[in-house]
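Got your viewer open? Let's take a walk through this one, stop by stop, picking out side chains as we go.

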Amino acid sequence: MSVPVATRRSAAPLSRWVVPGLLLWAVGLGIGWFATARGAAADGELALDQALGAHRSLLGTAIGRFFDLATGPQVAPVLLLVVAGLLWWRRRHETALLLLGLTGVGWVSVALAKMLIARPRPPHDLVHAMSLETSPDSFPSGHVAFAAALLATVVLIAHRRGHPVGRLLLVGVPVVLLDAWARLYWGVHYLADVVAAPLLACGTVLLLAPLATAVVPRAVGLTPSWLGGPRRS
């Protein structure tokens, strides 16, 4: 009797993703430490932000505004909760919990990097930043981390279900890159901040994937029916 592809993939040992996750974190933190020690003026990051700030356009500003809101702390959590809620309502419980949990933790995990590497944001007056951020820490970019964590989680879910991930990456990677560009264009981050953010966020998703894929199905099985959980005979 043959085993369905989705079942084989979901049952595959995910511990092999832990080492890549640790490597992504090591590289991400290494980028942050190197850039902070060298200085934004010395490695050209400040000059890049200044060049972008001096050549802004209506289209670029519109793109920057969109990502500033869509992947920011005011809107991103709401969008994530709404999508997860819709998936739960459609009784795709496991997908809803994985999407909410892995994306959320992958996003907020970069707060650890902010504590480990204290890097101030680009000087507002020199780069003509488009907004005043409430957080003084520049490294890494939380906006880019959210987009990357969401993409990594969606790819993980699709992979577990035996679906091809090529199209997801073909659409998702350019969106993450555009988000990274938008944060530089907005004048609130340096290049190292937006390069390291996807590494750290995706690293977290990989590190937590084995635990999440083991715990979430059990949690769904224990969900009471009045919360939309599995019906018991």
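Before you click on anything, one definition: a residue is called exposed when its relative accessible area is over 50%, buried when that area is under 20%, and partly exposed in between. Also keep in mind that you're looking at a predicted model.

**Stop 1: two rings side by side**

Select F66 and F67. Their rings make an edge-to-face aromatic pair, with 5.2 Å from centre to centre and 80° between the planes. Now, which of these is exposed and which is buried? F66 has a relative accessible area of 52%, so F66 counts as exposed. F67 comes in at 7%, so F67 is buried. By the rule used here, the count of aromatic pairs comes to three.

**Stop 2: a pair across two helices**

Next, select W107 and F146. Their ring centres are 5.1 Å apart and the planes sit at 70°, which makes this pair edge-to-face. W107 belongs to helix α6 and F146 to helix α9, so the pair ties together parts that lie 39 residues apart in sequence. Both rings belong to buried residues.

**Stop 3: along helix α9**

Since you're already there, colour the whole of α9, residues 142–160. The helix has 19 residues, and from its first C-alpha to its last it reaches 27 Å, close to the 27 Å expected at 1.5 Å a residue. How many of its residues are buried? The count is 16 of the 19, so α9 is largely enclosed by the rest of the structure.

Now look at the ends. At the N-terminal end, S141 acts as a cap: one of its side-chain oxygens lies 3.5 Å from the backbone nitrogen of H143. Just after the helix, click on G162, which takes a positive phi of about 80°.

**Stop 4: salt bridges**

Side chains of opposite charge can pair when their charged atoms come close. The salt bridges here come to five. Let's visit some of them.

Start with R160 and E94, whose closest N and O atoms are 2.7 Å apart. This salt bridge links distant parts of the chain: R160 is in α9 and E94 is in helix α6 (residues 93–108), 66 residues apart. R160 is buried, at 9% relative accessible area, whereas E94 is partly exposed, at 24%.

Then select D193 and R119. In this salt bridge the closest N and O atoms are 3.1 Å apart. What parts of the chain does the pair link? D193 sits in helix α11 (residues 191–221), while R119 is in the loop between α7 and α8, and the two are 74 residues apart. D193 has a relative accessible area of 0%, so D193 is buried. R119 is at 4%, so R119 counts as buried too.

Move on to E133 and R183, where the side chains meet in a salt bridge at 3.6 Å, N to O. E133 lies in the loop between α8 and α9, and R183 in helix α10 (residues 166–185), 50 residues apart. E133 counts as partly exposed, at 27% relative accessibility, but R183 is buried, at 1%.

Now add E45 to your selection, along with R119 and D193: salt bridges that share partners join these residues into one network.

**Last stop: a charge over a ring**

Finally, select R56 and Y185, then turn the view until you see the face of the ring. R56 lies over that face, at 5.6 Å from the centre of the Y185 ring.

Key
Residues are numbered from 1 along each chain as its sequence is written. Side-chain values use heavy atoms; hydrogens and water are left out. A salt bridge is a side-chain nitrogen of Lys or Arg within 4 Å of a carboxyl oxygen of Asp or Glu. Helices (H or I, at least four residues) and strands (E, at least two) are DSSP runs, numbered from the N terminus. Buried means under 20% relative accessible area, exposed over 50%, partly exposed in between (1.4 Å probe, protein chains only). The expected span of a helix is 1.5 Å times one less than its number of residues. A polar contact is a pair of N or O atoms within 3.5 Å; within protein, one must be able to donate a hydrogen and the other to accept it, and residues adjacent in sequence count only if both atoms are side-chain atoms. Rings of Phe, Tyr and Trp (its six-membered ring) pair if their centres lie within 6.5 Å; planes under 30 degrees apart count as stacked, over 60 as edge-to-face and the rest as tilted. A charge sits over a ring if NZ of Lys or CZ of Arg is within 6 Å of the ring centre and within 35 degrees of the ring normal.
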